[in-house]
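Me: Could you take a close look at a single strand in this one for me? I'd like to hear how its side chains sit and what it pairs with.

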Amino acid sequence: MPTTSDQTNHNLVVVGSVAVDWVITPSAERRDSVGGAAVFFAMAAAPLAKVQLVGVIGHDFPQASINDLERAGVDLAGLERSDGLTFRWKGRYHENMNQRDTLETHLNVFEDFAPKLPQRYRESDFLFLANIQPSLQLAVLEQMDRRPRLVGLDTMNLWIDIAHDKLLEVLARVDVLAINQEEALQLTAESNLVRAAAKIRELGPKTLVIKRGEYGALCFGPDGSLFCAPALPLDDVVDPTGAGDSFAGGFMGHLASTGDLSSDNIRRAVIWGSTMASCCVQGFSYDRLRELSREQVDARFQRFVDLTRF
C-alpha cells in the first residue's frame, strides 16, 4: 500500500443503495426520508473529496435530493433512473437509539440493480463498495480499468449468512473493511475482537475498521497497529440512520483528499469518519450534512482532537 501523499484530491467512487426511508424514533417520525448507503456516504465525503455516485432510483425519488447532491458537488453520471419505485425501508428505533427494528423493506428497482460505471469512473483512484450483494461488488471491481489505489468495503450480517463464499472473494481484493462489532465476530466465528481482527486481516483487507456506535471505532492498521477513536458525546441525537455510512464517507473522503495512505493518516481518517458520523445523527436523513460549512466540519474535527489530547 502506498504511503506518500501527492496533495491531489483524487476521485472517489461509491457504489451502493439509494433509498427513501420511513424513520420512527422515540420522539419523532419522518416519512419519505431520503437515505441509502450511497447517499449518506456521498454527502459525508463531499466536503472533503470529489465523489462519483453509482446507484439506482425510481420515478418517486425526490428531485430536491438530486439537487442537494449536485449542489454538494457529487457527480451523478452513475445514478441510474429506472421505472418503478425507489428502494424503501421502514424502521423504528428503541428508546436508547442504539437498536432498531426493521418494519418493512421493499427492494423495488434495487432488486434488479446491476451497477454500471461510466467510463470516467473506471480510472478513479479510490473506490468504496457500500453494503450491497458481494456478487455486485465483484462486478464493480471487474469494471475498473485498473486497480484503484485503495478499495474499501462494507457488508452486513445477511451477506455473511447467505453469500459467504462470494464475500470471501471480495475480501481478498480490498484494502479496507469497515463493519460493526457484531458483524466482525459473526464473520470469523470468534468471541474476541482482537482475534477476529487478526482473522479478517488474513482474508485480505490489511486495514480493518470496527464501528462501535456510541462507543467509537477501532482501527487495526496496515502495519498491525491498533487505534481507538471515541464517539463524540452528544445530547441531541435525532436519527442514527446512516451514521455508519457517513463514517465511511468521512474516512474515505479524507484519504482521497490527501492521497496519503500512511498509518498516521489512516488514523486521522478514522477521526474524520467519526466527525461526519457525529454530524449525521443530529438530523433526520442527511439534513445536518447538507447544512454544514467547511468551517463547521473543521470545528467538529477539532472537538475530537481536543477530546483525545492528553
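Reply: Here's a walk along strand E11 and then across to its partners. Keep in mind that this is a predicted model.

E11 covers residues 207–211, and it's mostly covered: five of its five residues are buried, with buried meaning under 20% relative accessible area. As a rule, side chains in a regular strand alternate between the two faces of the sheet. In E11, Thr 207, Val 209 and Lys 211 point one way, while Leu 208 and Ile 210 point the other way. Both sets are buried, and that includes the charged Lys 211.

Now the neighbours. On the parallel side there's strand E10, residues 176–180, joined to E11 by five bridges. To find your place in that pairing, look for Leu 177 of E10, which stands opposite Leu 208 in E11.

The other partner is strand E12, residues 217–220, and this pair runs antiparallel, with four bridges joining E11 to E12. Here the marker to look for is Val 209 of E11, standing opposite Cys 219 in E12. So Leu 208 has a leucine across from it in E10, and Val 209 has a cysteine across from it in E12, by the DSSP bridges used for pairing.

E11 and E12 also make a hairpin, with five residues between the two strands. In that turn, check the backbone at Gly 213: its phi is positive, about 60°.

To put the strand together: E11 has a parallel partner in E10, an antiparallel one in E12, and buried residues pointing both ways.

Key
Residues are numbered from 1 along each chain as its sequence is written. This is a predicted model: local features need pLDDT of at least 70, side-chain atom pairs count only at pLDDT 80 or more; totals for chains, interfaces and linings use all residues. Side-chain values use heavy atoms; hydrogens and water are left out. Buried means under 20% relative accessible area, exposed over 50%, partly exposed in between (1.4 Å probe, protein chains only).
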